[in-house]
Amino acid sequence: MSGSWVRARRWAEDKVFPPVCVLCRVGGLAGSLCEDCLATLPRVREPFCRVCGEHFEGAFSGAFSCSNCRERQFSFAFARAPFLAEGRVRTWIHEFKFDRRFHRRGLLADLLVRVWERPEIAALRADAPLVVPVPLHWRRRWRRGFDQAAELAYGFARRSGLRWAKALRRVRATETQSALPREVRLQNMRKAFALRPSQREKLRGATVLLVDDVFTTGATVQACAEVLLAAGVRKCVVITLARG
């Protein structure tokens, strides 16, 4: 289907079914949010850890690292998320991820694009970064019917005009991370991921935006970043829709 036909069809659809905000049902883009409703979502605001992006209450000035990050060495440069995993954001992620509400894909990808509002992320545009999703194990993907991080990464890449690649595969089935304590999560993800050999040349010397839905302890993205750096990636930055 040609681009001109797609644009014409969307124009006609907008005339018959005017775009409405998913919350207020008044303004905005179809399946997304107007600016007024967007402002009501729980944002990650300063101050936050310069490494993992965790938000902190209190009076901090300048860049700082949280106690967890001071004790660890990460293979990714830093992680950022535009929203907190609370309220509607958490509900939408769970609806998409566990309830198979696939119509949330576009909305969540639109929200992830807000990560460009962070200046340290926007500065990466000049590197033409490659977008890489954190993969599910094939058995979990088969049970769920889709890979939520791959859907987010694809939507984000399309909206940002970036290349994307399924460069990683999960080679070991692991327990669900949310049910495990922090230290066990770190051990749980060791050697869980591997590089797809066909992607090696594409990765060498690249800046990668590693995409997942939620950042909690960082164990999953750390395991992925280790594989990417070993494959020759120059810099790996983690972006997630929400910070847990």
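How far is the sulfur of Cys 21 from the closest cysteine sulfur, and in which residue does that partner sit? Keep that one in mind while we take a quick look around. The model you have in front of you is a predicted one.

Start with the overall build. The protein chain carries 11 helices and 8 strands. Of its 244 residues, 48% count as buried. Look at who touches whom: among contacts between residues at least 6 apart in sequence, 71% join residues at least 24 apart. As for the outside, the chain exposes about 12,900 Å², and carbon and sulfur atoms supply 51% of that area.

Now back to the cysteines. A disulfide is a covalent bond between the sulfur atoms of two cysteines. Search the whole structure for one and you come up with 0. Take Cys 21: the closest cysteine sulfur belongs to Cys 37, and at 3.7 Å the two sulfurs are too far apart for a bond. The cut-off that matters here is 2.5 Å between the sulfur atoms. Cys 34 tells a similar story, since the closest cysteine sulfur to its own is again in Cys 37, this time at 3.6 Å, which is too far for a bond. So Cys 37 turns up as the closest neighbor by sulfur for both Cys 21 and Cys 34, with no bond to either.

Are these cysteines buried or exposed? Cys 21 is buried, with a relative accessible area of 0%. Cys 34 has 13% relative accessibility, and because anything under 20% goes down as buried, Cys 34 counts as buried too.

Next, the empty space inside. The structure holds 1 cavity of 30 Å³ or more, and the volume of the largest cavity is about 30 Å³. If you want to find that cavity on screen, its lining is made up of Val 44, Phe 48, Gly 53, Arg 80, Ala 81 and Arg 118. By character, that lining splits into 3 nonpolar residues, 1 polar and 2 charged. The charged ones are Arg 80 and Arg 118, while Gly 53 is the polar one.

One last stop is Arg 70. You'll find Arg 70 in helix 3, which covers residues 67-70. Its relative accessible area is 58%, so Arg 70 is exposed. To place Arg 70 against another part of the chain, look for Val 51: the two residues are 19 apart in sequence, and their C-alpha atoms are separated by 9.1 Å.

Technical notes. Residues numbered from 1 in each chain as written. Predicted model: local features only at pLDDT ≥ 70, side-chain atom pairs only at ≥ 80, totals over all residues. Heavy atoms only, no water. 1 Å grid on protein atoms, 1.4 Å probe; cavity = no way out; pocket = protein on both sides within 12 Å on 5 of 7 lines; lining within 4 Å. Points joined across faces, edges and corners; volume = space filled by probe spheres on them. Helix = DSSP H or I, 4+ residues; strand = E, 2+ residues; numbered from the N terminus. Buried < 20%, exposed > 50% of the residue type's maximum accessible area, 1.4 Å probe, protein only. Contact = heavy atoms within 4.5 Å. Areas by Shrake-Rupley, 256 points an atom, 1.4 Å probe, with all protein chains shown as cover.
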